[in-house]
Amino acid sequence: MKQMYRVTIFLLIISTFACKRDNKPTITMIDVKKLPLRGEKGFNAIVEVPAGTNRKLEIQPDGQFVAEQVEGKARVVNFLPYPGNYGFIPSTLMDEARGGDGDALDVIIIAETVAVGTVQEFIPIAVLKMIDEGENDTKIIGVPADPALRVIRATNFEQFLLEYDAAKRIIETWFVHYQGYGTVQVLGWEDEKAALAEIEKWVL
């Protein structure tokens with residue numbers, strides 16, 4: 001009985017610390033529908049794949065994050081880990097009738113890794129335009145809206161280009177190769193104004 005009591009207390013303590021460490025639990029689909037385009041300081045993004053990981057996760061209609069399936073197996077990107085927190089911008093949809101891929105607009109946020117399902121506020125600093133298997137595949141590049149969470153100083157494309165050109169090239173190289181070389185074609189980079197216009201273009 002004492003042993004069971006100790007185990008119960010131990011589990012409660014672990015759960016408490018886990019909650020404190022990750023206070024943004026996996027969101028539900030209802031939350032996604034209610035989540036606005038913007039937060040208090042910037043645009044909202046829902047992180048599906050944390051920086052530094054290789055497992056491609058996607059949110060499902062029931063709000064759960066599950067592994068993308070390729071030939072019946074969970075997809076693990078056969079390349080370097082994601083170079084930022086990767087996910088999508090809620091309240092957006094790249095309508096296929098207007099040349100989109102039928103999904104929400106993608107975003108990669110240059111920051112330290114956060115948990116799957118985190119709602120991370122960001123500001124856009126660039127847009128990377130690509131063609132993936134014949135479809136437009138646009139990636140918004142952002143940094144955290146909270147200055148305390150930023151790992152680079154750039155808050156616009158000019159700073160990003162001048163001070164972090166190596167990071168820009170790394171991101172481009174990663175997207176060119178992460179599905180196998182030749183799968184993705186890069187059309188080019190554009191600045192933060194173009195990124196804002198791209199977001200507004202696909203707002204629901």
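**View 1. Lys 129, a partly exposed residue with two salt-bridge partners.** In this predicted model, Lys 129 has a relative accessibility of 24%, so it counts as partly exposed. One of its salt bridges goes to Glu 190, with the closest N and O atoms 3.4 Å apart. Because Lys 129 sits in strand E8 and Glu 190 in strand E10, this pair ties together parts that are 61 residues apart in sequence. Glu 190 is partly exposed too, at a relative accessible area of 33%.

Now for the other partner. Lys 129 also forms a salt bridge with Glu 198, and here the closest N and O atoms are 3.5 Å apart. Glu 198 belongs to helix H5 (residues 192-201) and Lys 129 to strand E8, so this bridge joins parts 69 residues apart in sequence. Glu 198 counts as buried, with just 6% relative accessibility.

**View 2. Lys 56 and Glu 68, a salt bridge between two loops.** The side chains of these two residues meet at 3.7 Å, N to O. Lys 56 is in the loop between strand E1 (43-49) and strand E2 (57-59), while Glu 68 is in the loop between strand E3 (65-67) and strand E4 (69-70). The two residues are 12 apart along the chain. Lys 56 is buried, at a relative accessible area of 9%. Zoom out a little and Lys 56, Glu 58, Glu 68 and Arg 75 turn out to be linked in a network of salt bridges. The count for the model comes to nine salt bridges.

**View 3. The largest nonpolar core, with 23 residues.** Which members touch the most other members? They are Ile 141, Phe 160, Phe 175 and Trp 189. Two or more residues each come from strand E8 (119-132), strand E9 (135-144), helix H3 (157-163), helix H4 (165-177) and strand E10 (184-190). E8 gives the largest share, four residues. Apart from this core lies another one, of 16 residues, including Phe 43, Val 107, Ala 111 and Val 127.

**View 4. Trp 189 and the residues around it.** Leaving out residues up to four places away in sequence, Trp 189 touches Ala 126, Val 127, Leu 128, Ile 141, Phe 157, Phe 160, Lys 168, Ile 171 and Glu 172. Ile 141 and Phe 160 in that list are, like Trp 189, among the core residues that touch the most other members.

**View 5. Residues 1-30, a stretch to read with care.** The protein averages a pLDDT of 86, and 84% of the residues score at least 70. Over residues 1-30, though, the pLDDT is below 50. Beyond near neighbours in sequence, this stretch has 19 contacts in the model.

Methods. Residues numbered from 1 in each chain as written. Predicted model: local features only at pLDDT ≥ 70, side-chain atom pairs only at ≥ 80, totals over all residues. Heavy atoms only, no water. pLDDT = per-residue confidence, 0-100. Contact = heavy atoms within 4.5 Å. Core = buried A, V, L, I, M, F, W, Y, C linked by side-chain atoms within 4.5 Å. Buried < 20%, exposed > 50% of the residue type's maximum accessible area, 1.4 Å probe, protein only. Salt bridge = Lys/Arg side-chain N within 4 Å of Asp/Glu carboxyl O.
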